[in-house]
Amino acid sequence: MSVRQRHIAHLHLHTALTETQYHDVIELVSGITPHVQAIPPNALQVDLTSALRYFDMSAYDAVQTVKMRLKAHYGIDSSAGLAGNRMLAAMAADASAPGDTTWVPTGEAADWLYPRPVTALPGIGRATTETLNKYGLHTIGQIADIPAATLQRLLGVGSARLLAERARGHDPRPVTPPEPAAHLVADLMLEQDCLDPAQHHRAVLGLADRIGQRLRGESQTTGRLTLTVRYADRSSTTRTRALPEPTDHSPALTATALGLLTSLGLQRARVRAFALRADRLAPARSAYRQLSLDPGDTRARVAEAAADRARRRFGPEAVRPATLAD
């Protein structure tokens, strides 16, 4: 049985990203393939192998599509490396000028590696480099050609074996998507201490909408919400409420979140910040939903799915609740 050739891309994002922006970028790229691994603070690796057949395009064209989407949606310039494994892809990205893509086909990996300095291999520190240079070993090709026994005498068995594998361009590590979070949190620091109940309502509505978008983007549901309110005197109040059923539906989340806000009875409280936490997370595919005879519920869910598609295409601010419009 033949082994399917892998196509791994490593992308350097030429901008500083907040945690939220980084999450949005990963979610955008996940629209092409779910096999996306974050490489903080501003890089990611993507396994395109399965996506190529689905989109009927070459690996190089798939990488260019990812780069164009990053530029179109978020204005992010990127450089990329494309190869048959994670190590080669990362090295190819390091060798790429801003905006360029370096492709190392599997059959040409040895020739591409041969003249490069030993320091180009990941994980090669100063001490190892000095030892190799002392014996006249300066390039990756020289490491690949040296007998295994000789390399073991210089570096020890474990280090020599790993270095020899890397020098020959071997790296079996898979691209590993992040594990689902145990909880999701959305928070908001107000520009100034706020007494206005309408602004409190608006802030919590926005947080519930953000939590709903993230849940649907990660194919998860939540069974409980916790609202924390921080005041001008640095004290805080917290309320928690279980949802009637696990959900990722923003109106249901909003109703529960606003119920928590009402239960606090803030009245004339000077509020400085809000935080909304969703836990009891579970995969959306395993969630149940009480059937409704109200056609409005079905229409709301269809509209929500359409809004999510628009956000994925045009950015997270493309569609918002009317109450949140400026």
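Okay, let's start with a pair of helices: H6 and H8 cross each other in a right-handed way. Before I go on, keep in mind that this is a predicted model.

So how do we talk about two helices that pack together? We describe them by the angle between their axes and the distance between the axes. For H6, residues 126-134, and H8, residues 148-155, the angle is about 125 degrees and the axes are 10 Å apart. Angles over 115 and up to 145 degrees fall in the oblique class, and therefore H6 and H8 are oblique to each other. If you want to find the contact on screen, look for Thr128, Thr131 and Leu132 on the H6 side, facing Leu151, Leu154 and Leu155 on the H8 side. Sorted by class, that contact has four nonpolar residues, two polar ones and no charged ones.

Now stay in that area and look at leucine 163, which belongs to helix H9, residues 157-167. Is leucine 163 buried or exposed? Its relative accessible area is 3%, and the limit for buried is under 20%, so leucine 163 is buried. Setting aside residues up to four places away in sequence, leucine 163 touches Leu121, Ile124, Leu132, Ile143, Leu151 and Leu155. You've just met some of those names: Leu132 sits in the H6 part of the H6 and H8 contact, and Leu151 and Leu155 sit in the H8 part. Here's another thing to try with the distance tool: leucine 163 and alanine 198 are 35 residues apart along the chain, and their C-alpha atoms are separated by 62 Å.

Next pair, H1 and H3. The axes of H1 and helix H3, residues 59-74, come within 10 Å and cross at roughly 135 degrees. H1 and H3 are therefore oblique to each other, and the crossing is right-handed. From H1, the contact uses Asp24, Val25, Leu28 and Val29, and from H3 it uses Val66, Arg69, Leu70, His73 and Tyr74. Six of the residues in this contact are nonpolar, one is polar and two are charged.

Just ahead of H1, have a look at alanine 16, in the loop between strand S1 (8-13) and helix H1 (19-29). Alanine 16 counts as exposed, because its relative accessibility is 70% and the exposed class is anything over 50%. From alanine 16 to glutamine 213 you go 197 residues along the sequence, and the C-alpha to C-alpha distance is 23 Å.

Glutamine 213 takes us to the third helix pair, since Gln213 is one of the H10 residues touching H11. The axes of H10 and H11 come within 9 Å and cross at roughly 145 degrees, again with a right-handed crossing. On the H10 side the contact includes His200, Val204 and Ile211, and on the H11 side it includes Leu253, Ala257 and Leu261. The split here is nine nonpolar, six polar and two charged residues.

While we're in H11, find threonine 256. Threonine 256 is buried, with a relative accessible area of 9%. Leaving out neighbours within four places in sequence, threonine 256 is in contact with Leu225, Arg241 and Leu243.

Which residues have the most contacts inside the largest nonpolar core? They're Leu227 and Phe274, in a core of 28 residues. Strand S6 (184-194), helix H10 (197-217), strand S7 (220-231), helix H11 (250-264) and strand S9 (271-279) each give at least two residues to this core. Beyond four places in sequence, the partners of phenylalanine 274 include Leu188, Val204, Leu227 and Leu261. There's a second, separate core too, with 27 residues, among them Ile8, Ala83, Leu113 and Ala164.

Last bit: backbone oddities. Most residues other than glycine have a negative phi, and most peptide bonds are trans. Now, what joins proline 40 and proline 41? It's a cis peptide bond, with omega about 5 degrees. You'll find proline 41 in the loop between strand S2 (36-39) and strand S3 (43-47). Then there's aspartate 56, which isn't a glycine but has a positive phi of about 55 degrees. Aspartate 56 lies in the loop between helix H2 (49-55) and H3, and at 69% relative accessibility it counts as exposed. Arginine 280 also has a positive phi of about 55 degrees without being a glycine, and its place is the loop between S9 and strand S10 (282-283).

Methods. Residues are numbered from 1 along each chain as its sequence is written. This is a predicted model: local features need pLDDT of at least 70, side-chain atom pairs count only at pLDDT 80 or more; totals for chains, interfaces and linings use all residues. Side-chain values use heavy atoms; hydrogens and water are left out. A nonpolar core is a set of buried Ala, Val, Leu, Ile, Met, Phe, Trp, Tyr and Cys residues joined through side-chain atoms within 4.5 Å. Buried means under 20% relative accessible area, exposed over 50%, partly exposed in between (1.4 Å probe, protein chains only). Helices (H or I, at least four residues) and strands (E, at least two) are DSSP runs, numbered from the N terminus. Contact means heavy atoms within 4.5 Å. Axes are lines fitted to C-alpha atoms, for helices over the stretch in contact, and angles run from 0 to 180 degrees between N-to-C directions. Angles under 35 degrees count as roughly parallel, over 145 as roughly antiparallel, 65 to 115 as roughly perpendicular and the rest as oblique. A crossing is left-handed if the near helix is turned anticlockwise from the far one by less than a right angle, and right-handed if clockwise. Ala, Val, Leu, Ile, Met, Phe, Trp, Tyr, Cys and Pro count as nonpolar, Asp, Glu, Lys and Arg as charged, and the others, Gly among them, as polar.
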